[in-house]
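These are my notebook entries on what I looked up in this structure. I began with the surroundings of the ligand and then turned to the chain as a whole and to some of its parts.

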Amino acid sequence: EAAIPFHGERQSGLTAPQFPTTRLLAFDVPPVSTTADRTALRDLLAAWTRLLSGTAAGSPPDPRLRGDAGPPRFAALVGLGPALAARLELAVPAGLTEPPAFPGDRLDPARGGGDLLLQLSADDQWTPSVLAELATTAARSAGAALRWSQSGFLPRTEPDVTPRNLFGFKDGTANPDEEAARQWVWGPPGPHEHATVLVYRRIRMDTAAFAALPEEQQNAAMGRRIGDGAPLTGAAEHDEPDLYAKHPDGAYVIPATAHVRLTGPRLDGGARMLRRGYSYDDAPDDRGLLFVAFMRDTAQFTRVQSRLADRDALNPFLAHTASAVAYVLPGAPEGTVLGEHLFS
Ligand code: HEM
């Protein structure tokens with residue numbers, strides 16, 4: 001299979017199809033001085049660029065990355081947290097803000113937040129694991145410390161088949177096309193045109209309790225059918241949900257508390273986010289969804305999550321246990337280094 005180039009207008013972690021395994025890492029940059037911290041960040045982004053681009057191009061700095069099944073295929077994503085950006089006075093988009101606290105949140109600060117975010121995805125855990133080790137060593141040399149790390153996975157599917165989450169539903173169906181993404185996911189023309197904002201939520205799911213519901217109730221909670229992912233008002237996965245359709249008794253076919261109704265762009269002036277979530281399994285009673293979504297402005301997440309926290313039919317089965325946001329840097333075209341535009 002073809003290598004995934006590291007260099008490009010956009011980072012590979014957003015443009016490559018979703019790989020079956022992922023690892024997210026977050027680092028803190030303890031303050032020294034603005035000047036010293038800016039230099040350290042610049043050096044670290046250069047070191048990560050060398051590590052990731054060299055490995056992707058088939059000349060890794062470590063023999064464990066030579067790959068017995070050909071050069072490593074992986075996708076990478078690097079982002080900066082809002083506190084670091086503010087402290088170092090970096091020109092990040094105004095839409096990079098921390099979401100507020102939501103009712104029902106049970107956030108563990110040790111599993112969320114962070115000044116630097118790195119996501120590594122591949123066919124298996126080998127390449128992300130070794131790259132994470134090397135990236136962490138480079139971060140330490142620049143004075144940054146690992147804050148949290150989280151791994152996730154997807155079921156194996158044929159290409160272009162939407163993967164399922166641990167409730168059993170296809171997840172990622174209603175993602176924006178390129179035209180909608182230009183308006184709602186990527187920045188406006190200018191320095192952030194190929195940048196975006198990542199919102200991460202670690203959401204524990206009571207999968208056993210949900211699986212014990214009759215299938216009708218599972219479908220009603222989602223507003224889609226668990227089997228084929230089609231909306232309750234449609235016949236096929238990609239049919240547009242009809243939020244206005246009613247049963248003869250006057251009740252909505254897609255119920256008022258259905259996840260698909262509360263999250264859809266119709267309620268939100270057309271706003272869309274690009275979801276590239278993963279499942280996680282850290283213990284039998286700690287499994288769920290790594291909600292990973294990309295958007296121009298954190299406010300998009302906040303609007304949707306406010307509605308969900310209020311009345312999503314999935315709520316009895318969910319607990320948000322961690323949160324992070326990051327400015328996802330534009331890609332580094334050939335011959336350039338990630339984040340250079342921030343320092344010129
Ligand atoms: C749609 C599952 C949390 C935003 C969906 C769909 C499923 C799903 C199965 C329908 C298929 C699809 O379009 O992908 C879940 C589960 C969650 C969760 C299991 C928690 C564990 C969230 C959160 C947000 C969110 C926290 C944002 C605040 C959306 C959006 C859509 C969607 C924007 C697409 C709606 C549309 O355009 O029709 N989700 N979701 N979801 N979800 Fe979630």
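**Entry 1: the shell around the ligand**

I sorted the residues of the shell around the ligand by type and obtained 17 nonpolar, 8 polar and 4 charged. The model I am reading is a predicted one. In it, 29 residues surround the ligand. I noted the closest as Phe169, Thr173, Ala174, Thr263 and Leu289.

I then asked which helices and strands each supply at least two residues of this shell. They are strand E5 (196-205), helix H8 (259-263), strand E8 (286-295) and helix H9 (298-311). I recorded H9 as the element that gives the most, with 4 residues.

**Entry 2: the annotated domains**

I looked up the UniProt annotations, which come from an unreviewed entry. Residues 11-153 carry the annotation "domain: Dyp-type peroxidase N-terminal". I found this span to be 34% helix and 22% strand, with its end C-alpha atoms 20 Å apart.

Residues 162-331 are covered by the annotation "domain: Dyp-type peroxidase C-terminal", also in an unreviewed entry. Here I read 23% helix and 23% strand, and a distance of 26 Å between the end C-alpha atoms.

**Entry 3: the chain as a whole**

I counted 9 helices and 9 strands in the protein chain. Its radius of gyration is 20 Å, close to the 20 Å that the globule rule gives for 344 residues, so I noted the chain as being as compact as a globular protein of that length. Along the principal axes, the C-alpha atoms fill a box of roughly 65 × 45 × 40 Å.

Of the 344 residues, 42% are buried. I also looked at contacts with a separation of 6 or more: residues 24 or more positions apart account for 77% of them.

**Entry 4: helix H2**

Helix H2 spans residues 34-56 and has 23 residues. I read 32 Å from its first C-alpha to its last, close to the 33 Å expected at 1.5 Å a residue.

Which residues of H2 are buried? I listed Asp37, Leu41, Leu44, Leu45, Trp48, Thr49, Leu51, Leu52, Thr55 and Ala56. I recall that an α-helix has 3.6 residues a turn, so residues three or four places apart point the same way. What covers the buried residues of H2 includes strand E2 (74-80) and helix H4 (126-141).

**Entry 5: Gly58, after the helix**

H2 is followed by Gly58, which has a positive phi near 90°. I placed Gly58 in the loop between H2 and E2. With 13 C-beta neighbours inside 10 Å, Gly58 counts as partly exposed.

Leaving aside neighbours within four places in sequence, I found Gly58 in contact with Ala3 and Pro71. I also noted Gly70, which is 12 residues from Gly58 in sequence and 8.5 Å from it in space, C-alpha to C-alpha.

**Entry 6: positive phi outside glycine**

Most residues other than glycine have a negative phi. I therefore looked up two residues with positive values, Glu89 and Asp160.

Phi of Glu89 is near 55°. I found Glu89 in the loop between helix H3 (82-87) and strand E3 (116-122). Is Glu89 buried or exposed? Glu89 is exposed, with 10 other C-beta atoms within 10 Å.

Phi of Asp160 is near 65°. Asp160 lies in the loop between strand E4 (145-153) and helix H5 (178-184). I recorded Asp160 as exposed, with 6 other C-beta atoms within 10 Å.

Notes: Residues are numbered from 1 along each chain as its sequence is written. This is a predicted model: local features need pLDDT of at least 70, side-chain atom pairs count only at pLDDT 80 or more; totals for chains, interfaces and linings use all residues. UniProt positions are given in the numbering used here, feature names are shortened, and annotations may be inferred rather than shown by experiment. A residue is near a molecule or strand if its C-beta atom, placed from the backbone, lies within 6 Å of it. Ala, Val, Leu, Ile, Met, Phe, Trp, Tyr, Cys and Pro count as nonpolar, Asp, Glu, Lys and Arg as charged, and the others, Gly among them, as polar. The expected span of a helix is 1.5 Å times one less than its number of residues. A residue is buried if 20 or more other C-beta atoms lie within 10 Å of its own, exposed if 12 or fewer, and partly exposed in between; C-beta atoms are placed from the backbone. Two residues are in contact if their C-beta atoms, placed from the backbone, lie within 7 Å. The radius of gyration is taken over C-alpha atoms; the globule rule is 2.2 Å times the number of residues to the power 0.38.
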